[in-house]
Amino acid sequence: MNKQLIRQLINGQAHDLAIYPNRSLLEVLREEISLTGTKCGCDDSSCGCCTVLVNGMPMLSCVMLAASYQEAEITTIEGVAREGQLDPLQRGFCEAGGAQCGFCTPGMIITARALLEANPNPSHEEINQALGGNLCRCTGYTQILESIDRAIQLMRIHREAAVGR
């Protein structure tokens, strides 16, 4: 099997890659680019640990062929922080203990980020619905919901401060 040349914009940086066409996006991110924040929890699209944003939409990288996403804009958990500052979602997970073992956390944060981009003030029902494909195998979802609530508060404070300037 011959390698295929692809170009993707990953976390704001262009990457030209020679990959085998049967490689998943998750494999390429972890093994070719060394972005190991995205986790492989199941390898069959059932847990959401491998969620990344592709052109702004949360998608499961373990079942996506990387070669099918030529010129796509991909955001991993490593690309969420900006200018050395944690994203409000990352801060929320730190402050409210949502990380637990941390394995599902990248997928939870990426999925929540897509939700908050579309709806900056979702209800708990909307958050639960958005996270429906993300499984936590630790103790439950209470701290994860509290973390997202904290992130919403932080984002609101940031917006209000920006308006007051």
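1. Which residue in S2 does Ile6 stand opposite? The residue facing Ile6 is Leu17 in S2, and the two strands concerned, S1 (residues 4-10) and S2, pair in the antiparallel sense over seven bridges. Here two strands count as paired if DSSP finds at least two bridges between them, while strands (E, at least two residues) and helices (H or I, at least four) are DSSP runs numbered from the N terminus.

2. This is a predicted model, in which local features need pLDDT of at least 70 and side-chain atom pairs count only at pLDDT 80 or more, whereas totals for chains, interfaces and linings use all residues. Residues are numbered from 1 along each chain as its sequence is written, and side-chain values use heavy atoms, with hydrogens and water left out.

3. Five strands form an open sheet of mixed pairing, in the order S2-S1-S5-S3-S4. Because strand S2 (13-19) and strand S4 (57-60) stand at the edges with a single partner strand each, one side of each has no neighbour in the sheet.

4. The largest nonpolar core (buried Ala, Val, Leu, Ile, Met, Phe, Trp, Tyr and Cys residues joined through side-chain atoms within 4.5 Å; buried means under 20% relative accessible area, with a 1.4 Å probe and protein chains only) has 23 residues, of which Leu89, Phe93, Met108, Ile127, Ile144 and Ile148 touch the most other members. Helix H2 (88-96), helix H3 (105-118) and helix H5 (142-164) each supply at least two residues of this core, and H3 gives the most, with seven.

5. Apart from this core lies another, of 16 residues, including Leu25, Met64, Ala67 and Ile74.

Definitions and conventions:
Buried means under 20% relative accessible area, exposed over 50%, partly exposed in between (1.4 Å probe, protein chains only).
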